[in-house]
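Work through the exercises below with the model open. Try each task before reading its solution.

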Amino acid sequence: MAHGHEHYEAGAGDPGAAAHALHADHGPRVLPADLSAPPAVAAWKTRALIAAAGGLIVSAIIGVIGGPLGFDHVVRAYLLGWMLCFGFAGGGLCLLMLQYVSGGKWGLVLRRPLEAMANTSWLLLVLFIPIIAFGKRLYLWAAFPTAEAVEEGVKQHLLTESQAHSLNWKRLMLSPVHVSIEIVLVFAFMIGVGFILSNWSLARDKDPNAGSLASFEYWRIKSENLSGIGVLIYVILLTVVAIDLVMSLDITWYSTMYGFIFLVGQGYGVLALGVHTIIRLSKYEPLKTALRKTEQYDLGKFMLGFVMLNIYLSFAQFLIIWSANSPEEIPWYLNRIHGGWWVICSLDFIFHWVIPFCLLLSRSFKYDSRKMLALTGWMIFARAFDLFWMIEPNFNDAKGNLHFSVGILAYIFVPIFVGGVWLYFYFTNLASRPLIVLNDPHTAEVLEPEHAH
Amino acid sequence: MPVQEGIYGLLAEFDAPGPMVHATEVARAAGYRRMECYTPYPVEEAATALDVHRNRVPLMTLMGGIMGLTTAFLMQTWMSAISYPVNIAGRPLFSWPAFIIPAYEWTILFAGLSAAFSMLALNGLPQPYHPLFNAPNFRVGATDDKFFLCLEATDPKFDLVETRAFLDQFHAASVVEVDL
């Protein structure tokens, strides 16, 4: 069987490749010596900064000319931008821990982008300061932080009885001081675990025994042990953030589904951004060699899972509240359906679910890099659109009353500013370390020839 | 059923998957299309060489899913709004949010059944008789340690003499004619 032997040994670089042209793709590929991020990432950083500067200028103009509600809208839109980027940072950390726990080649190709996302947590903590500083424009618990203030508010007819009741009962969790403490604790966890995991990831590659089974097992078990408990804690902490900063925009309303809706939404956004990043990077080395269609396809299936889970949770929440039809809960949906909001609600359903679901069903779509690039970009937009539908109808001027004002344009430009700043640091992190993890058994596996399934 | 006579095809036997895949690639490049690889375990390269990745199962699954969705949704609409209208907590008779979950379940059920049955239908299974089992070496080796490439006689390019000469270039362990 000399012939068969030669058949598998023939590499792509064989000078006599003509004879082997039919089966040149059967041998393992070789990673380039330089695994650092391509120079293109520096150009992306510049573009992110330009977008951020443009977004900041337009936002400032909107804040000034938008009338009394103009600046309010800038603050609300800032919250949207912050939640979107928090989704990437926190969701990135969560997916990073998840891929350590689950294993798999999909995690290997995404690991460095996920670390880059997780390591932006400190930035989100800094960017949180304006939210708490301008909290009075967003949250009743910030505007009426004490029992006396609430009483005064009721006397002046600024608060309803049920709002006053909720404010007093929820003060243990929702007050400017308590929310600040909760956010600091959440970020202490995120920054700490992100720091440890990304340091381990570098130390793992420098291990003198790198490549041996003992080294593989040592690092696998170590990362798994932290990540397993980490995922659990993160889900609880994320629920706290979602309640503190978004659900409490309507102080009287509550949903037990809320934390999970944000969790799945984060997975949705992070996978979209992660896949978008690695497909863009795969134009250049080293991901040109390392990213196979197989992993891209697997990640596409994973994304379809999140698209389904997202609509499942969102619809389940709606169905339960619709069935109960109780006056404590149903106004949340009525505010988001009546007065023209049904247009946004329907578009949200189409953008967020119908389009990605129908496209991701197709196998050839998931194999096509250019189409996946467009779809993942779209999914990030859909995520922001969904947050708009959740945030804006909480406020009295917009409840059950969708109308145009200059201020509403802030929802386009402020998230561009926040997102641009965030992307700058994301790209900086991405460029700061090799894009491929070497001391991992999956690395050899992604270099194996590609099998179409 | 009339008794068919003649040759099913030429069966080349290999001891390793590599040469079989190579032979398949060359045969495809030479213009053969009606051919099949038989291996004791899945060999992905063989599927690639045969270019058999595309089939109609996804389409049948999609059609089944759409059928389940519309059937369940229309059935519930008919039952709740037309056939037996009952006022439940003052809600409209056509309360579509309540219909979504059964419609979703039927989508999955119909899609799953369509996938399974269309797979069997397109496979040609169950198949109690296959001519290849007439070849003794196939009976012994196909599920054990041998790798087979069969070029079928229905291929327009098939010619008993030329195809045998073609297969002989591959250092196969044997090339045998298989009766129908």
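**Setup.** Chain A averages a pLDDT (the predictor's confidence in each residue, from 0 to 100) of 89, and 93% of its residues score at least 70. This is a predicted model: local features need pLDDT of at least 70, side-chain atom pairs count only at pLDDT 80 or more, and totals for chains, interfaces and linings use all residues. Residues are numbered from 1 along each chain as its sequence is written, chains are lettered from A and ligands numbered from 1 in the order written, and side-chain values use heavy atoms, with hydrogens and water left out.

**Exercise 1.** Find where pLDDT stays under 50 in chain A.

*Solution.* Go to residues 1-24 of chain A. The model has 21 contacts (heavy atoms within 4.5 Å) beyond four places in sequence for this stretch.

**Exercise 2.** Describe the environment of A:R292.

*Solution.*
1. Locate the residue. A:R292 is in the loop between α13 (287-290) and α14 (293-324) of chain A. Helices (H or I, at least four residues) and strands (E, at least two) are DSSP runs, numbered from the N terminus.
2. Check exposure. A:R292 has a relative accessible area of 5%, so it is buried (under 20%; exposed is over 50%, partly exposed in between; 1.4 Å probe, protein chains only).
3. List contacts. Beyond its neighbours within four places in sequence, A:R292 touches residues including A:R29, A:K105 and A:E445.

**Exercise 3.** Work out the strand order of the open sheet in chain B.

*Solution.*
1. Read the order. The 4 strands run β2-β3-β1-β4, with antiparallel pairing. Two strands pair if DSSP finds at least two bridges between them.
2. Find the edges. β2 (35-38) and β4 (174-179) of chain B each have a single partner strand, so one side of each lacks a neighbour in the sheet.
3. Trace β1 (residues 7-14) of chain B. 6 bridges join it to β3 (residues 147-152) of chain B. Another 6 bridges join β1(B) to β4(B).
4. Match residues. B:E13 has B:F148 in β3(B) as its bridge partner. B:G9 stands opposite B:E152 in β3(B). B:L10 stands opposite B:E177 in β4(B).

**Exercise 4.** How many of the 8 residues of β1(B) are buried?

*Solution.* The count is 7 of the 8, so β1(B) is largely enclosed by the rest of the structure.
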